[in-house]
Amino acid sequence: MGQDYSYTQPSSSDELDLTYLLESEAQIYKDEAESSLYIAESFHYTPSPEADDGIPTTCYCGSEPEIATSHTHKDPGRRYYTCPNVDDGECHIWKWWDVAVTEEMTEVKRQMRLLKDQAFQCDQNVVKLQKTVCEVQKTVCEQKKSVWEVKKPYMRIMVSVLTVLLGFAVMYMSGISSKK
């Protein structure tokens, strides 16, 4: 640093020395790069999503924004969000109140649309489930009928066998009672 960057215009009779110009330019860039290392940079807050869209709830510095009223000639009486620490020279939230409310309402509308879409999808799923339950009930009824149809001949055979056995039992009992 501290280099003399004075430059004299070459005369038309002098030969143009580009290497001197390029070396001087390189030295200027080098000095600028070194000087930026020694300059203290101010602290920048990272923007938080809460402060960017809709009604701000938190300033970049972490404070809670407050509502103030504009007293300018251009926007008299117009309300805006600002930070109570706005005078400290750092980056703070500042947003018109009506813009913030409009953004907030737009976001609420978007979320309502999403909820309506989800509710519609849920209704569609309920209708599909009801159809499935009806089909399962029909299938169960048909299977009960088919099981009864399969069991019907066996039931007839069992009733016949039981009737025969009962007849033998009655004959046997009547034979025992007649011997006495």
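## Exercises on salt bridges, rings and a helix

Glu-107 is partly exposed, with a relative accessible area of 30%. The cut-offs are under 20% for buried, over 50% for exposed and in between for partly exposed (1.4 Å probe, protein chains only). The model is predicted: local features need pLDDT of at least 70, side-chain atom pairs count only at pLDDT 80 or more, and totals for chains, interfaces and linings use all residues. Residues are numbered from 1 along each chain as its sequence is written, and side-chain values use heavy atoms, without hydrogens or water.

**Exercise 1. Find the salt-bridge partner of Glu-107 and place the pair in the chain.**

Step 1. Apply the rule: a side-chain nitrogen of Lys or Arg lies within 4 Å of a carboxyl oxygen of Asp or Glu.
Step 2. Look at Arg-110. Its side chain meets that of Glu-107, at 2.6 Å from N to O.
Step 3. Place both residues. They lie in helix H3, 3 residues apart, which is about one turn of the helix. Helices (H or I, at least four residues) and strands (E, at least two) are DSSP runs, numbered from the N terminus.
Step 4. Check the cover of Arg-110. It is partly exposed, because its relative accessible area is 37%.

**Exercise 2. Trace the salt bridges of Arg-78.**

Step 1. Count first. The structure holds 4 salt bridges.
Step 2. Take Asp-75. Its closest atoms to Arg-78, N and O, are 3.7 Å apart.
Step 3. Take Asp-98. Here the N to O distance to Arg-78 is 3.1 Å. This pair links distant parts of the chain: Asp-98 is in helix H3 and Arg-78 in strand E2, 20 residues apart.
Step 4. Compare each value with the cut-offs. Arg-78 is partly exposed, because its relative accessible area is 26%. Asp-98, at 33%, is partly exposed too.

**Exercise 3. Describe the surroundings of Asp-75: is this residue buried or exposed?**

Step 1. Locate it. Asp-75 sits in the loop between strand E1 (66–71) and strand E2 (76–82).
Step 2. Read the accessibility. Asp-75 counts as buried because its value is 18%.
Step 3. List the contacts (heavy atoms within 4.5 Å). Setting aside neighbours within four places in sequence, Asp-75 touches Ser-70 and Trp-96.
Step 4. Check Trp-96. At 17% relative accessibility, Trp-96 is buried.

**Exercise 4. Classify the ring pair of Trp-94 and Trp-96.**

Step 1. Recall the rule for Phe, Tyr and Trp (its six-membered ring): centres within 6.5 Å make a pair; planes under 30 degrees apart are stacked, over 60 edge-to-face, the rest tilted.
Step 2. Count the pairs. There are 3 aromatic pairs in the structure.
Step 3. Apply the rule. The centres of Trp-94 and Trp-96 are 4.8 Å apart and the planes stand at 75 degrees, so the pair is edge-to-face.
Step 4. Widen the view. Ring pairs link Tyr-80, Trp-94 and Trp-96 into a cluster.
Step 5. Check Trp-94. It is partly exposed, at 44%.

**Exercise 5. Characterise residues 154–174.**

Step 1. Consult the record. UniProt gives "transmembrane region" here, in an unreviewed entry; such annotations may be inferred rather than shown by experiment.
Step 2. Read the span. It is 100% helix and 0% strand, and its end C-alpha atoms lie 30 Å apart.
Step 3. Pick one residue. Phe-168 lies in helix H3 (residues 97–179).
Step 4. Look at the surface. Phe-168 belongs to a nonpolar patch whose members include Val-150, Tyr-154, Ile-157 and Met-171, with about 960 Å² of accessible area together.

Note on methods
Patches are made of residues with over 30% relative accessible area and no salt bridge: like charges are joined within 9 Å, nonpolar side chains (Val, Leu, Ile, Met, Phe, Trp, Tyr) within 5 Å. Accessible areas come from the Shrake-Rupley method with a 1.4 Å probe; for residues, only the protein chains shown count as cover.
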